[in-house]
Amino acid sequence: MRLVDADGRTWFFVDKVPIFFVDDDILPGAALPRPAFVRCQVVGQQEDHLVVSTASDHVEAEDGATQFRVRPNQLQRANWSRCN
C-alpha cells in the first residue's frame, strides 16, 4: 500500500491483504492498483492537518514509521477511522 501524506511524502506499507482491504474488497484476479485502507487513530493536530497513528494494529511503513501527517479529507470514518 502507498500513502501520500499531507506534506507530499510517499510512504509504503507491506502486510497481508486483510490489513488494507475490508471484507471482500479484493479478490483473486481483481484489477490493481485500487484504493486501500489502513486503520488509524487521530493522535494530534498540526495546523490544518491531523497526525494519525497506525501503531494500534502494529502496522508500520517500510522504514518503521507509525505516525503520519494527513489532510482531514484523507480519513474515512467507518466503525473505525481508516487512512487512504
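Q: What makes E4, E5 and E6 an open sheet in this predicted model, and which strands stand at its edges?
A: The 3 strands have the order E4-E5-E6, with antiparallel pairing. Strand E4 (41–46) and strand E6 (67–70) each have a single partner strand, so one side of each is left without a neighbour in the sheet. On average, neighbouring strands of this sheet are turned by 30° against each other, direction ignored.

Q: How do you know that E5 and E6 pair?
A: Two strands pair if there are at least two bridges between them. Strand E5 (residues 49–53) is joined to E6 by 4 bridges, so the pairing criterion of at least two is met. The two strands run antiparallel.

Q: Which residue in E6 is the bridge partner of serine 53?
A: The partner is glutamine 67.

Q: How many residues line the largest pocket, and which are the closest to its centre?
A: The space in this pocket is about 330 Å³. Its lining has 15 residues, of which Met1, Arg2, Arg34, Pro35 and Ala36 are the closest to the centre.

Q: Which elements each supply at least two residues of that lining?
A: They are strand E1 (2–4) and helix H1 (17–20). The largest share, 3 residues, comes from E1.

Q: What makes a lining residue count as nonpolar or charged, and how many are there of each?
A: The class follows from the residue type: Met, Pro and Ala count as nonpolar, Arg as charged. The lining divides into 10 nonpolar, 2 polar and 3 charged residues.

Note on methods
Residues numbered from 1 in each chain as written. Predicted model: local features only at pLDDT ≥ 70, side-chain atom pairs only at ≥ 80, totals over all residues. Heavy atoms only, no water. 1 Å grid on protein atoms, 1.4 Å probe; cavity = no way out; pocket = protein on both sides within 12 Å on 5 of 7 lines; lining within 4 Å. Points joined across faces, edges and corners; volume = space filled by probe spheres on them. Axes fitted to C-alpha atoms, helices over the stretch in contact; angles between N-to-C directions.
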